Amino acid sequence: ARVWILGTFWCVGMAAANAIFSFRTNSITLDPTLATLLTYPIGLILAKILPTARIGSGKFSFTLNPGPFSIKEHVLVSVMATAGSASPYAMYNVVSQRMDMFMGNDKIDFAQSFFWVITTQLVGFGMAGLARRFLVKPAAMLWPGILSQTALFVSLHKPDLKLETWKISRFNFFWIALGAIFVYELIPNIFATALQAVALLCLFSKSGTARFLGSVSPPVSGPGLLGLTFDLQYIGSGVFLVPWIYQAQSWIGNYFFAYIVAIPAFFTNPFGHPRLGYGNEGDFYPDTLGSTNDTLSYFNSVSLFDKTGTYIRARALYQKPDFSLNITKYSEVGPIYISDFFAITYMIEFMVLPAMVAHVVVWYGKDVIRQFKAALKQVNDETDIHNKLMAAYPDIPEWFYGGWLLIWTIALCLTCAFTEFRMPVWGVLLATVTSFVLIIPIGIVLGVTGTQIYLNVLQEFVAGLLMPGDTVAVMCYKSIGVNTAYQAITLLADLKQGHYLKIPPISMFASQIYGTILGSIVYLGVAWWMMFQTSIELGGGDWQVLSYLTFYNAGAIWGAIAPARFFGIGSVYEKLLFGFLAGFGAPVLVWGLSKLYPSKYWHMINIPVIVYVTGAGTYQNFYIVAPLMGFIFSYYLLKKAPHWWKKYNYVLAAAQAGGVAAAVLFATALTANGVNFPIWALNPDPNNSYFDYYCYGVDMYGNPAV
């Protein structure tokens, strides 16, 4: 019973919080590691205070307290929390199609949204069950990413390290750090919000060029050169969790694409677009960039602009009731342009998939083939110690998974046929089959190398080419193709972790399904409340819903306009297609250099990590503070204070995530109830100015600066 109590608590709490956070300009997500770490002390407390008496009789009896809190209970709670806290990818469709500031399709009700979200969430589990004999049971499928999580569970259930220097327990350290971070976070989130994004160049210089290069607030901002943040929500827990070698390469990629590629692209205008602004809706574009009193240009926007450079809503390109492309309207306003940084972001996305494939082939190709051959031999290997121990538990038969896949695929087809989430049945089947076929190669690569290959761009291209002009169908195809594969890989990872820790497969499956369904319902309910019931004004200030805006505008690019018209030969953005070639060629080049000039360091260069960067549409305020914190916690302290690092580092990561989330929720509650701290220099008016308002020639009230 403790598993269900704690699992339900985390599913409801984290899903609700993440649903709220998804509408923020800076969309943060609670890391499930927070639940994993907090569950341990809470489980110990429940083991002491809950009654041990059995409730009911016979087979239907249970107890709230079966004894000491075990590692198996801990894992099951973590599985529920991970499944429940994950944002359903289908929610992008719900918000994009239903929210008034986007498509505003009022035919979509809560029931339609519920069926759409649930069906897309559950199809992938059937695929996972059918693939588990190749990806879970063979010992050759190591799943390196699971090993660290497994080690975390084992370490938590061992006594604290008895170190003379660091005597405070992990439990006490967590609560002290959580409280301190919560109090600290109230400053940039309530009392001095300008500390969230500090543009040093704008403080040092009033020239238009300096203010453009230094500004950090989307959608108007520049590249955020020398931008700072004193708000930990923009830093994330990766600075504690990701090895420094990969953090460093990620920052090299961010610096390269934001500064060396995007800035020159802005000034040289390789795409030949007119100046981009919001026309009569209050644009911030300078008449002459470089003067003293001008305002700034659109560099970091994810919006769309017409042939004159004026902002245009994607809905202006649609014809109702099916939201397909209005050819007449497009002929009048096209071609459609996007900001330079947004265009570079698309080029980066084109690079990621071929870079992952090429990196795995040149560095791990032989290992993958060898391990896969070994895996085929080990499918029914009863000599493997893990398989022998797991044989003690009843397994779920493959016919069950096959039936599950069939039932939920039919349900998904019916949902797409009879709701506003429209897509032809052949499209549903193609997206599902494509994901199913790719799960095993994706899982093999992940199981051997720890590198996960994502299908976003592939699914967008396929959908846009097969259904050009049909925006809704393309968006739905993308969600089905991406989400079913993601859910399948997630369940396979959980099953492998259960394999290592000897958790019954039925219990793992039940926990995953329960967490997914409960989390999806809560997430949808809270998101629905945010769209229609909350007093928070969405679309401006700290609630620009940029993550949904990006998906919505991508729907127009890949769906209504279609890839052939937007990226094809002869189009404005045809140059971006070289991203595919560059992504494939870069790992091959590094591998080739390693053969010409042998060194152990070549193998450390990970091109997929380098090109997997943040991109446009976010605050450009993290380029200094985040890598500095990453260096301190993931390199310096690991080397200089390894005992402290081993005992407290992951605990501090969870405390940071929890303290930030609590502070942001508290600030959100104050805002929703009309409580606002007085406006002053470090707390500008959120409705009329930006955090770095001094970059735009206005004061903290949004009035022209004197």
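This section describes the overall fold of a predicted model and then its salt bridges and several individual residues.

The protein comprises 25 helices and 8 strands. A compact globule of 706 residues would have a radius of gyration near 27 Å, and the value for the protein, 26 Å, agrees with this. The C-alpha trace spans about 75 × 60 × 60 Å along its principal axes. Of the 706 residues, 56% are buried. The exposed surface amounts to about 29,000 Å², and 67% of this area is supplied by carbon and sulfur atoms. When contacts between residues at least 6 apart in sequence are considered, 80% of them join residues at least 24 apart.

Side chains of opposite charge can pair when their charged atoms come close. The structure holds 5 salt bridges, and three of the pairs are described here. One of them is formed by the side chains of Arg 2 and Glu 73, with an N to O distance of 2.7 Å. This pair links distant parts of the chain, as Arg 2 belongs to helix α1 (residues 2–21) and Glu 73 to helix α3 (residues 71–85), with the two positions 71 residues apart in sequence. Arg 2 has a relative accessibility of 0% and therefore counts as buried. Glu 73 also counts as buried, because its relative accessibility is 11%, below the cut-off of 20%.

A salt bridge also joins the side chains of Arg 132 and Asp 395, at 3.4 Å from N to O. Arg 132 is located in helix α5 (residues 110–135), whereas Asp 395 occupies the loop between α14 (385–390) and α15 (398–418), so the pair ties together parts of the chain that are 263 residues apart in sequence. Arg 132 is classed as buried, with a relative accessibility of 7%. Asp 395, by contrast, is partly exposed, its relative accessible area being 34%.

In the pair of Arg 422 and Glu 420, the side chains meet in a salt bridge with an N to O distance of 3.2 Å. Arg 422 is partly exposed, with a relative accessible area of 23%. Glu 420 has a relative accessibility of 15% and counts as buried. The two residues fall on either side of the 20% limit below which a residue is called buried.

Asp 340 presents a charged residue without such a partner: this residue is buried yet has no salt bridge. The nearest side chain of opposite charge is that of Lys 575, 10 Å away. A salt bridge requires the nitrogen and the carboxyl oxygen to be within 4 Å, so Lys 575, at 10 Å, does not form one with Asp 340. The side chain of Asp 340 does make a polar contact, at 3.1 Å, with the side chain of His 273. Asp 340 is part of helix α13, which covers residues 340–377. Beyond residues up to four places away in sequence, Asp 340 touches Ala 265, Phe 266, Asn 269, Pro 270, Phe 271 and His 273. His 273 thus appears both among these contacts and as the polar partner of the Asp 340 side chain.

Ala 15 lies in helix α1, the helix that also contains Arg 2. Ala 15 is buried, with a relative accessible area of 0%. The C-alpha atoms of Ala 15 and Ala 81 are 8.8 Å apart in space, although the residues are 66 apart in sequence. With neighbours within four places in sequence set aside, Ala 15 is in contact with Trp 10, Gly 84, Ser 85, Gly 519, Val 522 and Tyr 523.

Gln 497 is located in helix α18 (residues 471–501). The relative accessible area of Gln 497 is 5%, which places the residue in the buried class. Apart from neighbours within four places in sequence, the contacts of Gln 497 are with Val 75, Ile 146, Gln 149, Thr 150 and Phe 153.

Ala 662 is found in helix α25, which covers residues 642–672. This alanine counts as partly exposed, at 32% relative accessibility, whereas Ala 15 is buried. The C-alpha atoms of Ala 662 and Leu 186 are separated by 9.5 Å, and the two residues are 476 apart along the chain.

Key: Residues are numbered from 1 along each chain as its sequence is written. This is a predicted model: local features need pLDDT of at least 70, side-chain atom pairs count only at pLDDT 80 or more; totals for chains, interfaces and linings use all residues. Side-chain values use heavy atoms; hydrogens and water are left out. Helices (H or I, at least four residues) and strands (E, at least two) are DSSP runs, numbered from the N terminus. Buried means under 20% relative accessible area, exposed over 50%, partly exposed in between (1.4 Å probe, protein chains only). Lys and Arg count as positive and Asp and Glu as negative; His and the chain ends are not counted. A polar contact is a pair of N or O atoms within 3.5 Å; within protein, one must be able to donate a hydrogen and the other to accept it, and residues adjacent in sequence count only if both atoms are side-chain atoms. Contact means heavy atoms within 4.5 Å. The radius of gyration is taken over C-alpha atoms; the globule rule is 2.2 Å times the number of residues to the power 0.38. Accessible areas come from the Shrake-Rupley method with a 1.4 Å probe; for residues, only the protein chains shown count as cover.
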